[in-house]
Amino acid sequence: MSVRELVVLGTASQVPTRHRNHNGYLLRWDGEGLLFDPGEGTQRQMLRAGVAAHDIHRIFVTHFHGDHSLGLAGVIQRINLDQVPHEITAHYPASGQRYFERLRYATAYRESVELTEAPVSADGVLARTPAYTLEARKLSHPVESYGYRLTEPDGRRLDPVRLAAHGIAGPDIGRLQREGVLNGVTLEEVSETRRGQRFAFVMDTRLCDGVHALAEGCDLLVIESTFLDGDERLATDHGHLTAGQAARAARDAGVGHLVLTHFSQRYSDPDEFERQARAAGFEGELTVAADLVRVPLPKRSR
């Protein structure tokens with residue numbers, strides 16, 4: 001059974017709190033696990049969330065500030081300690097190559113896993129698999145930062161009425177799906193396009209073209225909202241978003257489910273992020289992330 005969900009490992013920005021660990025997010029996409037921005041403490045949060053090293057297939061770093069990357073050393077050593085049997089690919093800004101290498105080899109350990117380095121240096125497609133197309137877009141932050149997006153290929157939704165009209169039933173339906181045509185009837189004649197799911201991960205950034213491109217039409221958007229709207233000038237100065245800015249970007253992009261995260265320790269009331277997001281006009285499903293919560297992707301159309 002395929003599972004698509006976001007496991008939130010940490011939600012703090014810069015400084016962890018008693019209730020918020022540094023960043024860390026694992027996206028389960030069917031049989032793959034994609035780990036985003038493993039900050040300090042990620043390995044322990046994985047244990048608490050029931051996430052194993054074997055679950056990881058790709059690692060993503062948006063940028064090399066400590067709250068998004070200091071957990072890399074522990075995670076990489078853990079996947080080697082556990083002798084994960086499959087290849088793992090790491091995506092990160094090419095300008096931070098020296099930081100990645102320092103974290104990868106922070107201490108002595110025995111390498112047993114094939115870890116492929118795939119530095120990102122420009123907007124574009126990073127990988128195409130049968131399950132998704134992976135893209136990166138540059139963001140606006142004091143250090144080079146990239147956001148990431150997964151797009152599932154469109155599929156076909158069978159129409160029972162049209163199938164019945166052509167007398168197609170039982171095993172013949174499977175044959176038609178596999179072969180694309182049956183007794184002169186094409187798959188397109190008895191089905192319609194089923195839009196593939198879309199997911200995006202947007203961390204430290206001001207509003208920019210990259211934010212809008214990543215968010216466009218997403219079923220699930222994970223986006224930073226470090227500050228509340230009253231601190232918008234501070235957010236801009238430090239290369240961050242407010243709750244209202246993130247929500248307006250999601251509203252304009254037609255996002256189905258918005259996940260706000262990466263909160264400054266200066267705020268004690270998480271409900272205020274939701275209030276400001278709603279005030280900004282976002283009407284879709286909304287989650288103000290907390291550590292160790294699980295957020296399922298919206299159900300796929302049949």
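How many residues lie between β2 and β3 in their hairpin, and which residue in the turn has a positive phi? Before I answer, please keep in mind that what we have on the screen is a predicted model. The hairpin of β2 and β3 has 2 residues between the strands, and the residue in the turn with a positive phi, of about 55°, is D30.

Let me stay with these strands for a moment. Strand β2, residues 24–29, runs antiparallel to β3, and 5 bridges join the two; within this pairing, L27 of the one strand stands opposite L34 in β3. On its other pairing, β3 is joined by 3 bridges to strand β4, residues 58–60, and here the two strands run parallel, with F36 standing opposite F60 in β4. To get from β3 to β4 the chain passes through α1, and this β-α-β crossover is right-handed. As for how β3 sits in the protein, it is mostly covered, since 4 of its 5 residues are buried.

That brings me to the backbone just after β3. In the loop between β3, residues 32–36, and α1, residues 42–49, we find D37, which is not a glycine and yet has a positive phi of about 45°. As a reminder, most residues other than glycine have a negative phi. Is D37 buried or exposed? D37 counts as buried because its relative accessible area is 0%, which is under the 20% cut-off.

A second residue invites a comparison with D37, namely N183, which is also not a glycine and whose phi is positive, near 50°. N183 is found in the loop between β11, residues 181–182, and β12, residues 185–186. Its surroundings can be described by the opposite word, because N183 has a relative accessible area of 74%, over the 50% cut-off, and is therefore exposed.

Finally, let me turn to the empty space in the model. The largest pocket holds about 340 Å³, and of the 17 residues that line this pocket, the closest to its centre are S13, Q14, F227, H238 and H240. Two elements give two or more residues to the lining, and these are α2, residues 66–69, and α8, residues 232–238. What is the make-up of this lining by class? The lining of the largest pocket has 12 polar residues, together with 3 charged and 2 nonpolar ones.

Conventions. Residues are numbered from 1 along each chain as its sequence is written. This is a predicted model: local features need pLDDT of at least 70, side-chain atom pairs count only at pLDDT 80 or more; totals for chains, interfaces and linings use all residues. Side-chain values use heavy atoms; hydrogens and water are left out. Buried means under 20% relative accessible area, exposed over 50%, partly exposed in between (1.4 Å probe, protein chains only). On a 1 Å grid over the protein atoms alone, a cavity is a set of points where a 1.4 Å probe fits but cannot get out, and a pocket is an open set with protein on both sides within 12 Å along at least five of seven lines; lining residues have an atom within 4 Å of a point. Grid points are joined across faces, edges and corners, and a volume is the space filled by probe spheres set on the points. Ala, Val, Leu, Ile, Met, Phe, Trp, Tyr, Cys and Pro count as nonpolar, Asp, Glu, Lys and Arg as charged, and the others, Gly among them, as polar. Two strands pair if DSSP finds at least two bridges between them. A crossover is right-handed if, with the strands pointing away from the viewer, the path from the first strand over the helix to the second runs clockwise.
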